[in-house]
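Notebook open, viewer open. I'll jot things down in the order I looked them up.

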Amino acid sequence: MGKVNVYLPDDLERAVRAAGLSVSAVCQSALQSALAKLGQLSSTGQGHFTPRLTAIIDSQRTLRAGQGRDVSALDLLCGILKDGENLGARAVQALGVDLPAPNIPQGPEGTGALAPDALEALANAFKVALDMRHDHIGTEHVVIAMAADGAPAHDIFAVLGITDRLLRQQVERMIANPWTHQHGKPEVQPDAFARLDEEVRRLAAELGELRRNGPGQGPGLDTA
């Protein structure tokens, strides 16, 4: 049988010992519950969302279905930022980012279902909520998850000097005091601009190649 160490605050440890609770049994039950919820999120996109996040997801599904495509992770993020009045969007604004009207690239064709990367984003948001000891998944958890390493919006946030750590700290400040004027300071990484410049140059080169070859005759395409 495997072994996992569980660390408790001193006062909680004393209370657990005094109550005679089985730490192993309680932890196994909690982990099994978390795994079941994570599996459901990853496969169906169903979870304990806040009403605000539920409304944003439903709105995006309706909008993208009308466009004949599925909802991507960036669709979810843009829906949150466009709404503007939710905790996730306000945390981004509090870090000094003006929220323009989102303009996202075309996602996969579909019927308004949640695309695999959107399901993954919601699953990662659930992990963030667990780590913050929240019993719901809200816009703030999605935004934090989307800024993490490897997430679809990581490079976008990085150029702005925003990390998942900074977002989490800002969310915690705003939960503790909704009227707080204390804001984190973006930490712009020099290599983020280099990556952005490299990506712009790559896209410009591809566009130039397409213009030279004409429509439908990009590099590597056989039109015979």
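What percentage of the 224 residues of the protein chain counts as buried? I got 34%. Note to self before going further: this is a predicted model.

**Entry 1: overall layout**

I went through the secondary structure next. I find 10 helices and 0 strands in the protein chain. Read along the sequence, the pattern is α-α-α-α-α-α-α-α-α-α.

Then I checked how the contacts are spread along the chain. Taking contacts between residues at least 6 apart in sequence, 65% join residues at least 24 apart. For the surface, I have about 14100 Å² exposed by the protein chain, with carbon and sulfur atoms supplying 55% of that.

**Entry 2: the nonpolar core**

Which residues touch the most other members of the largest nonpolar core? I noted Leu122, Met146, Phe157 and Leu167, out of 44 residues in that core. The elements giving two or more residues to this core are α2, α3 (51–66), α4 (73–83), α5 (87–94), α6 (116–131), α7 (139–146) and α9 (164–176). The most comes from α6, with 8 residues. As background, nonpolar side chains tend to be buried together in soluble globular proteins.

I picked Leu122 for a closer look. Setting aside neighbours within four places in sequence, I see Leu122 in contact with Leu41, Gly45, Phe49, Ile57, Leu76, Leu114 and Val142.

**Entry 3: from α6 to α7**

I started with Val128, which sits in helix α6. Val128 counts as buried because its relative accessibility is 16%, and the cut-off for buried is under 20%. Beyond its neighbours within four places in sequence, Val128 is in contact with His141, Ile144 and Ala145. I also took a distance here: Val128 and Glu140 are 12 residues apart along the chain, and their C-alpha atoms are separated by 9.3 Å.

His141 was the obvious next stop. Its place is in helix α7. Is His141 buried or exposed? His141 is buried, since its relative accessibility is 0%. Not counting residues up to four places away in sequence, His141 touches Ala125, Val128, Ala129, Met132, His134 and His136. So two more histidines go on my list of things to click on, His134 and His136, both contacts of His141.

In the loop between α6 and α7 I stopped at Arg133. Why does Arg133 count as exposed? Because its relative accessibility is 75%, and exposed means over 50%. I flagged the backbone as well: Arg133 has a positive phi of about 65° although it is not a glycine. Most residues other than glycine have a negative phi.

**Entry 4: Ile175**

I moved on to helix α9, where Ile175 is found. Ile175 counts as partly exposed because its relative accessibility is 43%. Which residues does Ile175 touch, not counting those up to four places away in sequence? I found Leu87 and His134. His134 also turned up in the contacts of His141. Ile175 and Leu87 are 88 residues apart in sequence, yet I get 8.7 Å from C-alpha to C-alpha.

**Entry 5: the N-terminal end**

Back to the start of the chain. Val4 is in the segment before α1. I put Val4 down as exposed, because its relative accessible area is 66%. The C-alpha atoms of Val4 and Ser24 are separated by 9.4 Å, with their positions 20 residues apart along the chain.

How many of the 10 residues of α1 are buried? I count 1, and α1 is hardly covered. Just after α1, I noted a positive phi of about 70° at Gly20.

**Entry 6: the largest pocket**

Last thing I looked up was the largest pocket, which has a volume of about 880 Å³. Its lining has 23 residues, and the closest to its centre are Val6, Val26, Cys27, Ala30 and Leu31. Both α1 (10–19) and α2 (23–44) supply at least two residues of the lining. Which helix gives the largest share of that lining? I have α2 there, with 8 residues. Sorted by class, the lining has 16 nonpolar, 5 polar and 2 charged residues.

Technical notes:
Residues numbered from 1 in each chain as written. Predicted model: local features only at pLDDT ≥ 70, side-chain atom pairs only at ≥ 80, totals over all residues. Heavy atoms only, no water. 1 Å grid on protein atoms, 1.4 Å probe; cavity = no way out; pocket = protein on both sides within 12 Å on 5 of 7 lines; lining within 4 Å. Points joined across faces, edges and corners; volume = space filled by probe spheres on them. Helix = DSSP H or I, 4+ residues; strand = E, 2+ residues; numbered from the N terminus. Nonpolar A, V, L, I, M, F, W, Y, C, P; charged D, E, K, R; others polar. Buried < 20%, exposed > 50% of the residue type's maximum accessible area, 1.4 Å probe, protein only. Contact = heavy atoms within 4.5 Å. Areas by Shrake-Rupley, 256 points an atom, 1.4 Å probe, with all protein chains shown as cover. Core = buried A, V, L, I, M, F, W, Y, C linked by side-chain atoms within 4.5 Å.
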